[in-house]
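Got a minute to look over a fold with me? Pull up the chain and let's work through it together.

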Amino acid sequence: MSPEIGKHNGKLQSSPLRSMPPPSSFTPVTPHLAISPTVSVVVPAMNEAENLPHVFATIPQWVDEIVLVDGNSVDDTVAVAKRLRPNVKVVTQTGKGKGDALSAGFAACTSDIIVMIDADGSTDGREIINFVGALVTGADFVKGSRYASGGGSDDLTLNRRLGNKVLTGMVNVMYNTKYTDLCYGYNAFWARHLDVLNLDCDGFEVETLMNVRAAKAGLKVYEVPSHERNRIHGESNLHAVRDGFRVLKTILKEWRRQPAPPQPEPTATPAADRGVA
């Protein structure tokens, strides 16, 4: 079997080519593209009933599983989700905060790939294919970036933009990464790396924690451009100064923590080890 040769961090790498799975195992995405791994999308939501129709409308039909994590909403968030997608999996959050919600959602996923998006309409589910495509072609963890070529934001204030730039630069120096966007909630990864990420935070610092732990564990982290839109309805729970300090504290705390070893790629050929056709 001929080796597969590619570049990572500027160095040539080779690995044996994997055998092609049977056509029946692929999920059609377009007339010209199909994927074999299964995909779960986690949507943490609290009082987002008005936004969910817009969010769910962008999530591709080929996604295998949608996991809605309800933060004890007092509106019709759960009822709306079930009406839009009768097969949605609803998880009721027992703790508080986005980090806690994502941890509960990830634990409920059953697919090979996990994608996390926001419930306020700011992230576009039609971009999911870009994240999945990067994963099946070699990445372990994929970050959405509003600063990568083709990305952007309708929502970043000057304070948030400046804070993100400073914190991103700090992480790049401390952890030898080349991230362009640290504090963005659109990410995807192979489910087998959940143990490495090991979410143990509650708030909006969760994205930073995942990015730092992925880098410390030596995962292949790719960035894909993403465009952040304005929240459609309601007000954000994000507080730039308070949450900025929580992100900073997380960065410094992780600097002193030993990384967990990454999980090896399966040696057999389950769905998580297959690609694109």
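What follows is a short round of questions and answers on this predicted model.

Q: What is the strand order in the open sheet of 7 strands?
A: The pairing in this sheet is mixed. On average, neighbouring strands are turned by 20° against each other, direction ignored. Reading across, the order is β7-β6-β5-β8-β11-β9-β12.

Q: Which strands stand at the edges of that sheet?
A: An edge strand has a single partner, so one side of it is left without a neighbour in the sheet. That describes β7 (89-92) and β12 (221-225).

Q: Which residue in β6 stands opposite Ala 45?
A: Start with the two strands: β5 (residues 39-45) and β6 (residues 65-70) run parallel and are joined by 6 bridges. Opposite Ala 45, in β6, you'll find Asp 70.

Q: Which strands does helix α2 touch as it packs on the sheet?
A: Helix α2 covers residues 77-84, and its direction makes about 170° with that of β6. The strands it touches are β5, β6 and β7.

Q: At what angle to β6 does α3 run?
A: Helix α3 lies across β5, β6, β7, β8 (113-116) and β11. Its angle to β6 is about 145°.

Q: Are α3 and α7 parallel or oblique to each other?
A: Helix α3 (residues 98-108) packs against α7 with the axes 9 Å apart and at an angle of about 60°. By class, their contact has 4 nonpolar, 1 polar and 2 charged residues. On the α3 side these are Lys 98, Gly 99, Leu 102 and Phe 106, meeting Val 206, Glu 207 and Met 210 in α7. Given that angle, the two helices are therefore oblique.

Q: How many disulfides does a search of the whole structure find?
A: Take two cysteines: Cys 109 is buried at 14% relative accessibility, and Cys 201 is buried at 12%. A disulfide would need a pair of cysteine sulfur atoms within 2.5 Å. The search of the whole structure comes back with 0.

Q: Is Asn 176 buried or exposed?
A: Asn 176 sits in the loop between α5 (158-175) and β11 (187-190), with a positive phi near 55°. Most residues other than glycine have a negative phi. The relative accessible area of Asn 176 is 73%, and the cut-off is over 50%. So Asn 176 is exposed.

Q: Where is Asn 198 found?
A: Asn 198 also has a positive phi, near 45°. At 36% relative accessibility, Asn 198 is partly exposed. Its place is the loop between α6 (194-197) and α7 (206-216).

How values were computed:
Residues are numbered from 1 along each chain as its sequence is written. This is a predicted model: local features need pLDDT of at least 70, side-chain atom pairs count only at pLDDT 80 or more; totals for chains, interfaces and linings use all residues. Side-chain values use heavy atoms; hydrogens and water are left out. Helices (H or I, at least four residues) and strands (E, at least two) are DSSP runs, numbered from the N terminus. Buried means under 20% relative accessible area, exposed over 50%, partly exposed in between (1.4 Å probe, protein chains only). Axes are lines fitted to C-alpha atoms, for helices over the stretch in contact, and angles run from 0 to 180 degrees between N-to-C directions. Angles under 35 degrees count as roughly parallel, over 145 as roughly antiparallel, 65 to 115 as roughly perpendicular and the rest as oblique. Contact means heavy atoms within 4.5 Å. Ala, Val, Leu, Ile, Met, Phe, Trp, Tyr, Cys and Pro count as nonpolar, Asp, Glu, Lys and Arg as charged, and the others, Gly among them, as polar. Two strands pair if DSSP finds at least two bridges between them.
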